[in-house]
Amino acid sequence: MRVIIEKDYNDLSAWAARYIANQINDFKPTKDKPFVLGLPTGSTPLATYRELIRLYNEKYVSFENVVTFNMDEYVGLDENHPQSYHYFMWSNFFSFVDIKKENVNILNGMASDLDQECKRYEEKIKSYGGIDLFLGGIGVDGHIAFNEPFSSLTSKTRVKSLTKDTIIVNSRFFDNDISKVPSTALTVGVETITSAKTVIVLINGHTKARALHAAVEGPVSQTWTCSALQLHKCAILIADETACDELKVSTYRYFKDIENSNLDPDTLLKK
Ligand code: GLP
């Protein structure tokens, strides 16, 4: 596991965007061999999307041969609902880059057969040979995508009931009214995420400090599904300083020292 500690949210987002752009560029994707990118929603990735749009406008990166799979979607919200993850992705990212509509994959929370929709999604991911890079955020309880505490660490895409905690936290997007928050969602599984070749997770702010501690220093446990990343060969957690509040000083220093000897994002950008 690699833990990148950046000063603040802006630096964390710039690091993530540059890393993603460099991965796409190094891959040299073509129509027949596209780069497969897993994507999250939430407030955390917003600045990463803004930075990716900027890098696209600077002609540093193109999404023409990138295929995307989103992590999750609420059940019962159609794609034009302002809080649907379809709407989020088009209004915050896809509309501003050269991605092809047919290359965008988002679970359909309105499907008449939700189990079949989840199966179809897993099969489509497989048809591309898996996900090259999965970008994720994290919930305050350590959930990745909508893999709530006690989700199986070998889970695949499926329907999940949301915990009361998640419903309360996400109610900020629904007029602070918990009755408006869907109680179920479709989500990729923990194993769908950990099957990606690279996983990067963005963790910012003090409210995520316990989740970062669990992901890095805790045991691998279904209680904190983010801890499954400890078993991944190439997992990168990108945190800001305040998210490190629950880490041991020695853990913090270890990762800071390692990264000081690695390339900084500007060097990567010029690569
Ligand atoms: C939701 C999403 C997750 C996201 C989490 C944190 O529950 N399903 O994918 O990581 O919220 O969101 P935020 O970035 O807004 O804190």
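When I say pocket in this talk, I mean an open set of grid points, laid out over the protein atoms alone, with protein on both sides within 12 Å along at least five of seven lines. With that in hand, and bearing in mind that what you have in front of you is a predicted model, let me start with the largest pocket, which holds about 650 Å³ of space.

Its lining is made up of 33 residues, and those that lie nearest the centre are Thr41, Gly42, Ser43, Asn170 and Arg172. If we sort the lining by class, we find 15 nonpolar, 13 polar and 5 charged residues. In terms of secondary structure, β4 (72–74), α3 (85–92) and α5 (164–170) each contribute at least two residues to that lining, and the largest share, 4 residues, is supplied by α5.

Now to the ligand, which sits in this largest pocket. There are 13 residues around the ligand, and the ones that come nearest are Ser43, Thr44, Asp72, Arg172 and Lys208; the shell as a whole divides into 4 nonpolar, 6 polar and 3 charged residues.

Which side chains place an N or O atom by a ligand oxygen, and at what distance? For Ser43, a side-chain N or O atom is 2.6 Å from an oxygen atom of the ligand, while for Arg172 the corresponding distance to a ligand oxygen is 2.8 Å. His143 also takes part, with a polar side-chain atom 2.8 Å from an oxygen atom of the ligand. As for the ligand's surface, it exposes 390 Å² when taken alone, and the protein buries 94% of that area.

Conventions. Residues numbered from 1 in each chain as written. Predicted model: local features only at pLDDT ≥ 70, side-chain atom pairs only at ≥ 80, totals over all residues. Heavy atoms only, no water. 1 Å grid on protein atoms, 1.4 Å probe; cavity = no way out; pocket = protein on both sides within 12 Å on 5 of 7 lines; lining within 4 Å. Points joined across faces, edges and corners; volume = space filled by probe spheres on them. Nonpolar A, V, L, I, M, F, W, Y, C, P; charged D, E, K, R; others polar. Near = heavy atom within 4 Å. Polar contact = N/O pair within 3.5 Å; in protein donor to acceptor, adjacent residues only side chain to side chain. Areas by Shrake-Rupley, 256 points an atom, 1.4 Å probe, with all protein chains shown as cover. Sits in = over half its atoms within 2 Å of the grid points.
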